[in-house]
Amino acid sequence: MRDKLAGPILKRRGQAQETTTTDQRLLDSRGPSDWVHQDPWRVLRIQAEFVEGFGALAELGPAIAVFGSSRTQPDHPTYEIGERVGRALVEAGFAVITGGGPGTMEAANKGASQAGGLSVGLGIELPFEAGLNPWVDKGINFRYFFARKTMFVKYSQGFMVLPGGIGTLDEMFEALTLAQTRKVTRFPIVLIGVDYWSGLLAWMRESMLADGKISQHDLDMLTLTDDVDEAVALMVAARAGDAG
Ligand SMILES: C/C(=C\CNc1ncnc2c1ncn2[C@@H]1O[C@H](COP(=O)(O)O)[C@@H](O)[C@H]1O)CO
């Protein structure tokens, strides 16, 4: 039985069906073009997203990611808190990275930009596209959530989480998972909004912790506060720890 090798992929028995070589298929312009929509080709687009993201963000310097609801309206009190968070982070020497969308993301970008800092938006292609908010000074638009998520973690030294919905919870729990499994170290995660987050934290304590699904140490990775200055001070302390 002959082994069929397609690059690193070995095909035997019923799997070995190719009768042409890779070179032939590359040079033959008469072939079908539906391959551009297939998964192996997608990998190149995924790879390109990582390359573009790494290239655009490599020189960013210290940065904090700010998450929160895309639905927070400018007249909501949380919007003003988002602006204060963006401004305070810049004053402490950080760039601000958000999802680049509306609501809390826009608020944090606005605060950062108006304070003269670097205001970054990592947008995501969505069916109901809203585009990057006008306060993003450096923006990247991603097709793939997982590539975008890698950029948040790789280029920020901590996460600030304002009140939000499913997207915000996804981002917060991803950060917690990475910290719990020590894929990231010295990575402060601060929840801003005591009233908003207390119910979730109580459930985590009373159900997850009580039932042995998490440890006290896991819970301790989260800091809850209403105080923007305290939240920023935690980020500064973590950065000082990193330097030491
Ligand atoms: C819903 C609307 C626009 C959505 N646009 C978004 N643009 C960029 N990033 C987004 C968007 N929506 C969600 N995200 C990410 O999730 C978090 C917010 O999700 P939530 O469910 O609103 O809490 C946020 O941090 C983003 O990273 C039109 O209003």
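Two worked exercises on a predicted model follow. Local features need pLDDT of at least 70, side-chain atom pairs count only at pLDDT 80 or more, and totals for chains, interfaces and linings use all residues. Residues are numbered from 1 along each chain as its sequence is written.

**Exercise 1. Trace the open sheet and place helices α5 and α7 on it.**

Solution.
- Step 1: Define the elements. Helices (H or I, at least four residues) and strands (E, at least two) are DSSP runs, numbered from the N terminus. Two strands pair if DSSP finds at least two bridges between them.
- Step 2: Read the order. Seven strands run β6-β5-β4-β3-β7-β8-β9, with parallel pairing.
- Step 3: Find the edges. β6 (138–142) and β9 (222–225) each pair on one side only.
- Step 4: Inspect one pair. Five bridges join β5 (residues 119–124) to β6. Gly-123 stands opposite Asn-141 in β6.
- Step 5: Add the helices. Contact means C-beta atoms, placed from the backbone, within 7 Å. Angles run from 0 to 180 degrees between N-to-C directions, on axes fitted to C-alpha atoms, for helices over the stretch in contact. α5 (residues 145–155) lies across β3, β4, β5 and β6, at about 160° to β5. α7 (residues 194–209) touches β8 and β9, making about 140° with β9.

**Exercise 2. Describe the shell around the ligand.**

Solution.
- Step 1: Count residues whose C-beta atom, placed from the backbone, lies within 6 Å of the ligand. There are 20. The closest are Gly-99, Gly-101, Gly-164, Gly-165 and Gly-167.
- Step 2: Assign elements. α6 (166–180) gives the most, four residues. β5 supplies at least two.
- Step 3: Sort by class. Seven are nonpolar (Ala, Val, Leu, Ile, Met, Phe, Trp, Tyr, Cys, Pro). Two are charged (Asp, Glu, Lys, Arg). Eleven are polar (the others, Gly among them).

Notes: Two residues are in contact if their C-beta atoms, placed from the backbone, lie within 7 Å. A residue is near a molecule or strand if its C-beta atom, placed from the backbone, lies within 6 Å of it.
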